[in-house]
Amino acid sequence: MHFANAQALVDGADSWIRRKVTLISQSQILDHVDPATIQRVARTFGINVQTVSVGGQDAIAMPAGKADLKKILRFLDEDYYQSALQSRNFVTNSKRPA
């Protein structure tokens, strides 16, 4: 992840944002899924994920706006799902395996 203004994130991060960043870090999803794949899958849920080149590698550009930031963090923490029967998109708050 790349934050254009990391200090603004630290100053404005509420407990929900801090928790999501921690969960994303613990899941290591950013180590296992490349930014292009994240960007492509996010589009299926109507989420606009931008990438930037940092040190020669692509990284997810995290938005400055809190609402957009929370949407991307929720996506990266795998809170978005698509139903098996009708391919409808859902947001969940449970990580219980099916």
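How do the residues lining the second largest pocket divide into nonpolar, polar and charged? I will come to that pocket in a moment. One caution before the tour: what you have in front of you is a predicted model.

Here is the answer to the opening question. The lining of the second largest pocket has 8 nonpolar residues, 1 polar and 1 charged. The volume of this pocket is about 170 Å³. If you want to find it in the structure, look for I29, V33, T37, I38, V41, F45, F75, L76, E78 and Y80, which line it. Helix 4 and helix 5 each supply at least two of these lining residues. The largest share comes from helix 4, with 3 residues.

Now pick out F75 from that list. Which residues does F75 contact, once its neighbours within four places in sequence are left aside? They are I38, V41, A42, F45, I47 and Y80. Among the residues just named, I38, V41, F45 and Y80 also line the second largest pocket.

F75 takes us on to the core. The largest nonpolar core has 19 residues, and those touching the most other members are I17, I47, V49, M62, L73, F75 and L76. Two or more residues of this core come from each of helix 2 (15–27), helix 4 (35–44), strand 3 (57–62) and helix 5 (66–76). Helix 5 gives the most, with 5 residues.

Next, the largest pocket. Its volume is about 220 Å³. Of the 13 residues that line this pocket, N5, A8, L9, P63 and A64 are the closest to its centre. The lining divides into 10 nonpolar residues, 2 polar and 1 charged. Helix 1 (6–12) and helix 5 each supply at least two lining residues, and the largest share, 3 residues, comes from helix 1.

The last stop is a single lysine, K20, in helix 2. Is K20 buried or exposed? K20 has a relative accessible area of 6%, and the cut-off for buried is under 20%, so K20 counts as buried. What does K20 touch, not counting residues up to four places away in sequence? The list is L73, D77 and D79. With D77 there is also a polar contact between the two side chains, at 2.7 Å. L73, for its part, is one of the residues that touch the most other members of the largest nonpolar core.

That is the tour. Questions, please.

Note on methods. Residues numbered from 1 in each chain as written. Predicted model: local features only at pLDDT ≥ 70, side-chain atom pairs only at ≥ 80, totals over all residues. Heavy atoms only, no water. Core = buried A, V, L, I, M, F, W, Y, C linked by side-chain atoms within 4.5 Å. Buried < 20%, exposed > 50% of the residue type's maximum accessible area, 1.4 Å probe, protein only. Helix = DSSP H or I, 4+ residues; strand = E, 2+ residues; numbered from the N terminus. Contact = heavy atoms within 4.5 Å. 1 Å grid on protein atoms, 1.4 Å probe; cavity = no way out; pocket = protein on both sides within 12 Å on 5 of 7 lines; lining within 4 Å. Points joined across faces, edges and corners; volume = space filled by probe spheres on them. Nonpolar A, V, L, I, M, F, W, Y, C, P; charged D, E, K, R; others polar. Polar contact = N/O pair within 3.5 Å; in protein donor to acceptor, adjacent residues only side chain to side chain.
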